Amino acid sequence: MLMKPVKLRGKKLSLPIIQGGMGIGISRCRLAGSVAKEGGMGVISTAQVGYDDPDFKKDPEAANLRALPEQIKKAKEISGGRGLVGVNVMVVTRLYADYIRTVCEAGVDAIISGAGLPTNLPEYVEGYDVAIAPIVSSEKSAKVILKFWDRKYHRTADFLVIEGPRAGGHLGFSREQLDDMENLDYDGEIRKIIAVKKEYEEKYGVTMPVFVAGGMFTPEDVRHALELGADGIQAASRFVATEECDACDAFKEAYLHAKPEDAVIIKSPVGMPGRALKNAFIDKMNANPGKVTYCFNCMKGCNPATAPYCISLALINAVVGNLDEGVIFCGSRVGEINEMTTVPELIKELTV
């Protein structure tokens with residue numbers, strides 16, 4: 001077996017496979033708990049995690065903060081004490097610090113944070129036994145965040161998630177880079193990031209496992225990531241077409257029927273490029289941008305006065321099955337998914 005157990009802040013992850021966080025509501029307790037049960041890390045997305053709370057529209061932040069501890073508790077119950085349960089918290093979340101402290105109080109095992117550099121994350125987890133990881137997409141971003149944590153907090157990351165250009169959702173690349181992916185030497189970038197983290201491993205006398213994300217679909221992809229020097233992988237899109245995924249059947253069916261050319265780059269109202277399935281909603285917004293009529297006030301960088309639509313509402317519509325009015329985030333290789341499976345079967349397939 002090529003994959004080896006790793007330790008994240010003293011906690012053993014027997015199978016170094018992370019199920020990537022997918023919001024809104026795609027990865028909640030059922031999916032995360034099921035992945036953890038197989039020995040991997042199941043990840044709950046905190047993005048509007050309380051979307052189905054009866055009082056969500058009245059007070060979305062309160063609903064989200066209520067839902068988080070409940071989702072973490074349920075995921076741990078499903079896991080049966082195996083694996084790890086983590087959360088993904090976007091830096092652009094307005095109540096970022098509140099989300100971090102809430103999940104720490106709830107006993108989450110790990111926090112993965114991207115959509116920006118999580119410069120203040122160590123401050124918010126102070127006093128809690130939780131592993132933390134920034135999502136980085138370049139050697140430059142890895143250098144910046146690890147140097148900042150070293151100088152300001154005198155600590156380093158417990159692990160790293162390197163997210164490449166083939167990932168889904170909001171992406172840490174320019175539109176130009178995404179349009180020219182074939183000419184990006186991303187293998188070289190991964191090796192450079194791994195070299196950067198070695199300096200801090202030596203300084204702090206720790207190991208900092210690395211997980212490669214973006215386009216992780218086959219055992220061959222996993223082997224390649226390990227050959228580059230990674231310790232494991234993070235996969236998201238492949239977990240959508242599982243019985244345990246928290247999304248509705250219509251959302252899963254959209255993945256199963258998708259063609260390779262259906263995965264397109266969109267400009268999110270958040271101000272970042274994102275990858276989603278081309279559908280009636282995307283076509284409508286491209287032809288005739290709409291207008292935000294209600295703002296959830298959820299993310300920095302989103303101006304409801306100029307945004308063509310509300311990203312939260314669009315993602316909520318998708319997860320409940322109103323696909324023609326929703327954004328369906330996906331990875332670049334979604335067209336390769338053509339059958340439903342289960343978490344145990346998928347984990348077995350990806351384990352090398």
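## Around Thr-93

Leaving out residues up to four places away in sequence, Thr-93 touches Tyr-99, Cys-298, Met-299 and Lys-300. The model is a predicted one, and in it Thr-93 is found in the loop between β5 (84-90) and α3 (96-105). With a relative accessible area of 6%, Thr-93 is buried, and a polar atom of its side chain lies 2.8 Å from the backbone oxygen of Met-90.

Two of the residues that Thr-93 touches, Cys-298 and Met-299, also appear in the lining of the largest cavity. The count comes to one cavity of 30 Å³ or more, and about 100 Å³ of space lies in the largest cavity. Its lining is made up of Arg-94, Val-292, Cys-295, Phe-296, Asn-297, Cys-298, Met-299, Cys-302, Pro-304, Cys-310 and Ile-311.

## An aromatic pair and its surroundings

A pair of aromatic rings is described by the distance of the centres and the angle of the planes. In this model the count comes to six aromatic pairs. One of them is formed by Phe-159 and Phe-211, whose ring centres are 5.8 Å apart and whose planes stand at 80°, so the pair is edge-to-face, given that angles over 60 degrees are classed in that way. Because Phe-159 lies in the loop between α5 (139-153) and β8 (160-163), while Phe-211 belongs to strand β10 (residues 210-213), the pair ties together parts that are 52 residues apart in sequence. Phe-159 counts as buried at 0% relative accessibility, and Phe-211 likewise counts as buried at 0%.

Ile-18, a residue of strand β3, is in contact with both Phe-159 and Phe-211. Leaving aside neighbours within four places in sequence, the other residues in contact with Ile-18 are Met-41, Val-43, Ile-112, Val-161, Ile-233, Gln-234 and Ala-235. Ile-18 is buried, its relative accessible area being 0%. From C-alpha to C-alpha, Ile-18 and Phe-211 are 7.8 Å apart in space, although 193 residues separate them in sequence.

## Helices α13 and α10

Within helix α13 (residues 343-350), the residues Val-343, Leu-346, Ile-347 and Leu-350 are buried. These four cover an arc of only 100° around the axis, and therefore they lie on the same side of α13. The elements that cover the buried residues of α13 include β3 (17-19), α1 (29-37), α8 (219-227) and α9 (237-240). At the start of this helix, a side-chain oxygen of Thr-342 reaches to within 3.2 Å of the backbone nitrogen of Glu-345.

In helix α10 (residues 249-256), the buried residues are Phe-251, Lys-252, Ala-254, Tyr-255 and Leu-256. They pack against α9, β13 (273-277) and α12 (311-319); α9 is also among the elements that cover the buried residues of α13.

## The second largest pocket

The volume of the second largest pocket is about 340 Å³. Its lining consists of 19 residues, and those that lie nearest its centre are Arg-166, Tyr-186, Asp-187, Gly-214 and Met-216. Two or more lining residues are given by each of the elements α7 (186-204), β10 and α8. Strand β10 also holds Phe-211 of the aromatic pair described above, and α8 is among the elements that cover the buried residues of α13.

## Backbone geometry to check by eye

Most residues other than glycine have a negative phi, and most peptide bonds are trans. Against that background, a cis peptide bond joins Gly-23 and Ile-24, with omega at about 0°. Ile-24 is found in the loop between β3 and α1, two elements that also take part in covering the buried residues of α13.

Ala-115, which is not a glycine, has a positive phi of about 55°, and this residue lies in the loop between β6 (110-114) and α4 (121-124). His-154 also has a positive phi, near 55°. The loop in which His-154 is found runs between α5 and β8, and this is the loop in which Phe-159 lies. At 60% relative accessibility His-154 counts as exposed, whereas Phe-159 counts as buried at 0%.

Terms used: Residues are numbered from 1 along each chain as its sequence is written. This is a predicted model: local features need pLDDT of at least 70, side-chain atom pairs count only at pLDDT 80 or more; totals for chains, interfaces and linings use all residues. Side-chain values use heavy atoms; hydrogens and water are left out. Rings of Phe, Tyr and Trp (its six-membered ring) pair if their centres lie within 6.5 Å; planes under 30 degrees apart count as stacked, over 60 as edge-to-face and the rest as tilted. Buried means under 20% relative accessible area, exposed over 50%, partly exposed in between (1.4 Å probe, protein chains only). The arc is that of the directions from the helix axis to the C-beta atoms. Contact means heavy atoms within 4.5 Å. A polar contact is a pair of N or O atoms within 3.5 Å; within protein, one must be able to donate a hydrogen and the other to accept it, and residues adjacent in sequence count only if both atoms are side-chain atoms. On a 1 Å grid over the protein atoms alone, a cavity is a set of points where a 1.4 Å probe fits but cannot get out, and a pocket is an open set with protein on both sides within 12 Å along at least five of seven lines; lining residues have an atom within 4 Å of a point. Grid points are joined across faces, edges and corners, and a volume is the space filled by probe spheres set on the points.
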